[in-house]
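Grab a coffee and open the viewer. Here are a few short exercises, each with a worked solution.

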Amino acid sequence: IHNAVLLRERKQLAKHRHMTISFNKTNITMSMKGSNKLSISNPKTLLGDTTPAGYNRTKRQFARAFLWLTSLLLLASRPYLSLPASVCAVYTMHGGTWFSHKNFKWMSASIISFCVSLYSVALRVKVNAID
């Protein structure tokens, strides 16, 4: 699909004859008469197929902060507050790439944290029901 779009744009620009575009799988080169060439070495960034640098790392850092908050709230015996924090950790990681082992590790930790928080809330409800 992306190659078809590039071919269509190339044909439109070729009509003007003052600009030429050549591309292959690893490089896109645009040149105009009387000026320097512009070369893009990774066409996927031009086409929007990749995420910006540090995108998944930022998600992992946010998830890590939510997991720390969850663990501190569970240690402080606040399961009702730890549940939304663990939900935030899961929600933060669900938008990242699944093919990264780091993201998979933090997503697994977030899901386990959610299950522990949910179990803690269930225990708190049962303890309150007994009293």
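**Exercise 1.** Work out whether the length of helix H4 agrees or disagrees with what its residue count predicts.

*Solution.* Keep in mind that this is a predicted model. Helix H4 covers residues 79-94, which makes 16 residues. The expected span is 1.5 Å times one less than the number of residues, so H4 should span 22 Å. Its end C-alpha atoms sit 23 Å apart, which agrees.

**Exercise 2.** Find the buried residues of H4 and say which helices they pack against.

*Solution.* Start with burial, meaning under 20% relative accessible area. In H4 that picks out Pro 79, Ser 82, Leu 83, Ala 85, Ser 86, Ala 89, Thr 92 and Met 93. Next, look for their partners: these residues pack against helix H3 (55-75) and helix H5 (101-130).

**Exercise 3.** Track down the largest nonpolar core and the helices that supply it.

*Solution.* The core has 6 residues: Ala 63, Leu 67, Ala 89, Met 93, Trp 106 and Met 107. H3, H4 and H5 each chip in at least two of them. Now zoom in on Ala 89: leaving out residues up to four places away in sequence, it touches Ala 63, Phe 66, Leu 67 and Ser 110.

**Exercise 4.** Which residues does Ser 120 touch, beyond those up to four places away in sequence?

*Solution.* First place Ser 120: it's in helix H5. With those sequence neighbors set aside, Ser 120 touches Leu 74 and Pro 79. As for Arg 78, it lies 42 residues from Ser 120 along the chain, yet their C-alpha atoms are separated by 9.1 Å.

Technical notes. Residues numbered from 1 in each chain as written. Predicted model: local features only at pLDDT ≥ 70, side-chain atom pairs only at ≥ 80, totals over all residues. Heavy atoms only, no water. Helix = DSSP H or I, 4+ residues; strand = E, 2+ residues; numbered from the N terminus. Buried < 20%, exposed > 50% of the residue type's maximum accessible area, 1.4 Å probe, protein only. Contact = heavy atoms within 4.5 Å. Core = buried A, V, L, I, M, F, W, Y, C linked by side-chain atoms within 4.5 Å.
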